[in-house]
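Welcome! Here is a short guided walk through a protein chain for anyone meeting it for the first time. Please have a look at the sequence and the model before reading on.

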Amino acid sequence: MSEAWLAPVTLEGARVRMEPLDLERHFDGLCEIGLDPDLWRWTTNFVRTREELRRYFDTALREQTEGRALPFATVDKPSGGIAGSTRFANIDRHNRRVEIGWTWVGQPFQRTHVNTEAKYLMFRHAFETVGCVRVELKTNVLNRRSRDAMLRIGCVEEGVLRKYARNDNGTWRDTIYYSVLDTEWPSVKARLETMLERGIMKRER
């Protein structure tokens, strides 16, 4: 697995740019869209204020310095607006695996090209640049919309881990895991590219 994990990287797509998280540049824009309670409905984190959002990102950046995460601000290129945030996490160089998670997209950018292209760029970087053999994703077992989205792009559902994580309010959640392997990436890549192409064609009609 490449040492590329150790340095922040910009992932450039046709309509989305994944920029290494920089709170001086990104925080105000992330606050504009990131305090919507619906974004945090199924997460272990409950973010309601700027201060809580700042702590959320401080954790991501601390884990980056520890070599355990690589957080991004997601930028919508047509509008120039910050659309959300995501990260690589649970980086395991020895076993050549990584997780894509902590993903949220602001309401104005939901059900658009943003999340699809962001996932495409991150999967492509993980498999084709870094050399991963496995990319993991997980969500609250009750989050049907997220689960359906993972299946739609070709992720394989692996199972439920009961009482896997504790929410900020002290309650427990069951977590469901998905993955894509390097051998499955070509078909997932083709599916994502088809979805992105259809989105462009629909937009241009």
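Which residue in E3 is the bridge partner of Val16? The partner is Asp76. This pair belongs to a set of 5 bridges between E2 and E3, two strands that run antiparallel. Keep in mind throughout that this is a predicted model.

## The chain as a whole

Let us step back for the overall view. The chain has 5 helices and 8 strands. Following the sequence, you meet them in the pattern β-β-α-α-β-β-β-α-β-α-β-β-α. The C-alpha atoms fill a box of roughly 40 × 40 × 35 Å along the principal axes.

How does the radius of gyration of the chain agree with that of a compact globule? A compact globule of 205 residues would have a radius of gyration near 17 Å, and the chain has 16 Å, so the two agree. Buried residues account for 46% of the 205 residues. Among contacts with a separation of 6 or more, 60% are between residues 24 or more positions apart.

## The sheet

Now for the strands. Strands of a sheet pair through backbone hydrogen bonds, either parallel or antiparallel. Here, 8 strands form an open sheet in the order E1-E2-E3-E4-E5-E6-E8-E7, and their pairing is mixed. Strand E1 (11–12) and strand E7 (156–166) are the edge strands, each pairing on one side only.

Start at the E1 edge. A hairpin of 3 residues connects E1 to E2. These two strands pair in the antiparallel sense over 2 bridges, and Leu11 has Met18 in E2 as its bridge partner.

Further along, strand E3 (residues 69–76) and strand E4 (residues 82–92) run antiparallel and are joined by 7 bridges. In this pairing, Ala73 stands opposite Ser85 in E4. Helix H2 (residues 50–65) packs on the sheet, where it touches E3, E4 and strand E5 (97–105). The direction of H2 makes about 125° with that of E3.

## Inside the protein

Next, the interior. Which residues have the most contacts inside the largest nonpolar core? They are Met18, Phe88, Phe123 and Cys155, in a core of 34 residues. At least two residues of this core come from each of strand E2 (16–20), E3, E4, E5, H3, strand E6 (134–140), strand E8 (172–181) and helix H5 (185–204). H3 supplies the largest share, with 9 residues. Another core lies apart from this one; its 15 residues include Leu21, Val47, Tyr56 and Phe57.

Thr116 offers a closer look at helix H3, which spans residues 113–130. Is Thr116 buried or exposed? Thr116 has a relative accessibility of 18%, and the cut-off for buried is under 20%, so Thr116 counts as buried. Beyond its neighbours within four places in sequence, Thr116 is in contact with Leu192, Met195 and Leu196.

## Charged pairs

Finally, the charges. Side chains of opposite charge can pair when their charged atoms come close. The structure holds 20 salt bridges, and the table shows some of them.

| Salt bridge | N to O distance |
|---|---|
| Arg50 and Asp28 | 3.0 Å |
| Arg68 and Glu63 | 3.7 Å |
| Arg68 and Glu66 | 2.7 Å |

What does the pair of Arg50 and Asp28 tie together? Arg50 lies in helix H2 and Asp28 in helix H1 (residues 23–34), so this salt bridge ties together parts that are 22 residues apart in sequence. Arg50 has 39% relative accessibility and therefore counts as partly exposed.

Arg68 appears twice in the table, once with Glu63 and once with Glu66. Arg68 is partly exposed, at 38% relative accessibility. Of its partners, Glu63 counts as buried because its relative accessibility is 15%, while Glu66 is partly exposed, with a relative accessible area of 44%.

Salt bridges can also be linked together. Glu12, Arg17, Glu19, Asp22, Arg25 and Lys77 are connected in such a network.

Definitions and conventions. Residues numbered from 1 in each chain as written. Predicted model: local features only at pLDDT ≥ 70, side-chain atom pairs only at ≥ 80, totals over all residues. Heavy atoms only, no water. Helix = DSSP H or I, 4+ residues; strand = E, 2+ residues; numbered from the N terminus. Buried < 20%, exposed > 50% of the residue type's maximum accessible area, 1.4 Å probe, protein only. Contact = heavy atoms within 4.5 Å. Pairing = 2+ DSSP bridges. Axes fitted to C-alpha atoms, helices over the stretch in contact; angles between N-to-C directions. Core = buried A, V, L, I, M, F, W, Y, C linked by side-chain atoms within 4.5 Å. Salt bridge = Lys/Arg side-chain N within 4 Å of Asp/Glu carboxyl O. Rg over C-alpha atoms; globule rule 2.2 N^0.38 Å.
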